[in-house]
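Please open the model in your viewer with the protein and the ligand both shown, and keep the selection panel at hand. The tour goes from the enclosed spaces to the open one, and ends at the ligand.

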Amino acid sequence: MSAVNETLIRDVVAEVMGRLNGNSAPAKSSPAPVPATASKNPDAACGCEHKAKLRPAVALRGKFGIFQDANEACAAAQEAYLQLQEKGVAARRKIEEIVKIFCDKNAEAWGKLELDETKIGRLDHKIEKLKIIKLVPGVDWLNPYGRSGDHGITLEEYTPFGVVGAVTPSTHSVPTMSGNIVNIAAAGNAVVFNPHPGAARCAAAAVRAYNEAIYRETGIENIACVVEKPTLESFNAICKNENVRLLLVTGGPMVVKAAMQTGKRAICAGPGNPPVLVDDTCCLKRAAKAIVQGAAYDNNLLCIGEKEVFVLDHIADKLMEQLSQNAAVKLSNAQLDALTKAAFTFKEGQAGGCAHASVNKDFIGRDAPVLAKAAGVNVPAGTQLLFAETDAKHPFVEEEQMMPFIPIVRVKSIEEGIEYSLEAEHNYKHTSIIHSHDVENMTAMARAMDTTLFIKNGPCMAGLGLGGEGYLSFSIATPTGEGITNPRTFTRVRRCVMVDNLRIY
Ligand code: NAD
């Protein structure tokens, strides 16, 4: 029997015995108390009903956030939410600290765990994506808004919803979940995750580690819960559960559609297909370096990652030379054709329409040499990205392919580049990028694209605080408009008004 199980069993027995004897103290592994100043409920031995209500039910004890049943997970999260309310802001800070420290400390082990399970992306970037969770904003983000005037004072506070139901992608399971926990718990909520089935084991391992530490430090056991074997049924159960007040989904078009049909308020971090426009005023060296850095990152799994390049015709060759000097390899037309056949399947269009391309999952997030092999070419060690010239209608332009390959399309003018960029972005309103020193070109593209992120002269990740100013989130709410999610995203704004008094001048 593992040490963990022994502890759990001891806890459950102690709880039951405690109840039979009329006292509530669990034995051995009882958590360290949060500082007395933080607790709004210092009712140590009063035995009042209120306190009993806040104590987790025995059936939900010892799970440390891991549940088979979605409704049980929601019940446990509801209890954890009430406990968090009692423990105050100090407990929220503790949770934020634990998640950030654990991500940093476990980055290598958890990065490897996620790569082993999903088989997509790159280990160096999986590790980095956990190391940077420290850049996700937490409790300090919630500054109340105050007004003072002749009629007294008014305060608007950012208050929690309760339980948030969240869905995470296969492309960054533990980083998305961890960043979400920081945001959601900082705002005073608990959360239940239905992770991607192909990235659920790593999610459960991280959730258990967080909850064990959070329980030790605060006494709250299930602040972040996860359905161990997630299914569409468990997604539906979470959406329907009455404790779940808000949804957060991070994923492709299907899950966004499903969440929006639930009738519950949904914050949707949906798909992208970010275009890059390169004009003749930019620094081509810098542009090429940024394109390779962004498009090769985690083998192009990022939703913000550069997915297609439109470049003015007369500088296209120079840009491609620069790409070649930055660990990117150009494919010939024949090699591009071979890769396209391998990377997409083509289904016959309806009613005699064009064949529709869908991405072959076996190539998503795979290393550049794997793609090169499918293209029939050997590439030097250290190759990060492949590229080739295509037209604007090529599947590699139109589909969110999530592979370390980027199509380069020549355009006659900025106007044409913007038009093609708009088409390729499919109105996802996610991310677009320009390399230019011409303010009019930048402004024209920014206005036309209307994307949540618009990055000038840098790689995509500069838009999330990595090399650009700003904060980090792995959930960028695009169709629903909340933008780069942060603790305020998961709050209800409530106003408290004092009429005529308490103004001190
Ligand atoms: P995916 O859409 O296949 O899965 C995402 C999540 O949704 C998974 O947990 C999956 O189980 C669930 N899901 C899928 N279809 C569902 C349905 N019909 N009902 C309920 N749940 C459903 O995506 P993925 O391959 O895991 O991730 C990549 C996608 O996510 C890309 O489209 C990418 O752009 C997007 N993404 C967006 C952001 C963002 O912040 N906007 C961040 C990361 C990924």
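Begin with the largest cavity, whose volume comes to about 110 Å³ in what is, throughout this tour, a predicted model. Select Leu302, Ile304, Leu464, Leu472 and Phe474, which are the residues nearest the centre of this cavity among the 14 that line it. If you then colour the lining of the largest cavity by residue class, you will find eleven nonpolar residues, two polar ones and one charged one. This cavity is one of three that reach 30 Å³ or more.

Next, move to the second largest cavity, which holds about 60 Å³ of space. Its lining can be selected in full as Phe310, Ala392, Lys393, Val397, Glu398, Tyr420, Glu423, Ala424 and His426. Switching to a cartoon view helps here, since two elements, helix 15 (395–398) and helix 16 (414–425), each give two or more residues to the lining of this second cavity. Which helix gives the most to that lining? Helix 16 does, with three residues. By class, the lining of the second largest cavity divides into five nonpolar residues, one polar residue and three charged residues.

Now leave the cavities and turn to the largest pocket, which has a volume of about 1,500 Å³. Centre the view on Ser170, His196, Gly252, Lys361 and Met402, the residues closest to the middle of this pocket out of the 50 that line it. For the secondary structure around the largest pocket, highlight helix 5 (107–118), helix 9, helix 10 and strand 13 (356–359), each of which supplies at least two residues of the lining. Coloured by class, the lining of the largest pocket shows 23 nonpolar, 19 polar and eight charged residues.

What sits in the largest pocket? The ligand does, and the last part of the tour is spent on its surroundings. Select the shell of 28 residues that surround the ligand, in which Thr168, Ser170, Gly270, Glu400 and Ile476 are the closest. Within this shell, helix 9 (232–240) and helix 10 (253–260) each supply at least two residues, and helix 10 gives the most, with three. The shell around the ligand is made up of 14 nonpolar residues, 13 polar residues and one charged residue.

Finally, draw distances from the ligand to its polar partners. A backbone N or O atom of Ser170 lies 2.7 Å from an oxygen atom of the ligand, and a backbone N or O atom of His196 is placed 3.2 Å from a ligand oxygen. His430, by contrast, takes part through its side chain, with a polar atom there lying 3.1 Å from a nitrogen atom of the ligand. To close, display the surface of the ligand with the protein hidden and then shown again: taken alone the ligand exposes 830 Å², and the protein buries 85% of that area.

Technical notes:
Residues numbered from 1 in each chain as written. Predicted model: local features only at pLDDT ≥ 70, side-chain atom pairs only at ≥ 80, totals over all residues. Heavy atoms only, no water. Near = heavy atom within 4 Å. Polar contact = N/O pair within 3.5 Å; in protein donor to acceptor, adjacent residues only side chain to side chain. Areas by Shrake-Rupley, 256 points an atom, 1.4 Å probe, with all protein chains shown as cover. 1 Å grid on protein atoms, 1.4 Å probe; cavity = no way out; pocket = protein on both sides within 12 Å on 5 of 7 lines; lining within 4 Å. Sits in = over half its atoms within 2 Å of the grid points. Helix = DSSP H or I, 4+ residues; strand = E, 2+ residues; numbered from the N terminus. Nonpolar A, V, L, I, M, F, W, Y, C, P; charged D, E, K, R; others polar. Points joined across faces, edges and corners; volume = space filled by probe spheres on them.
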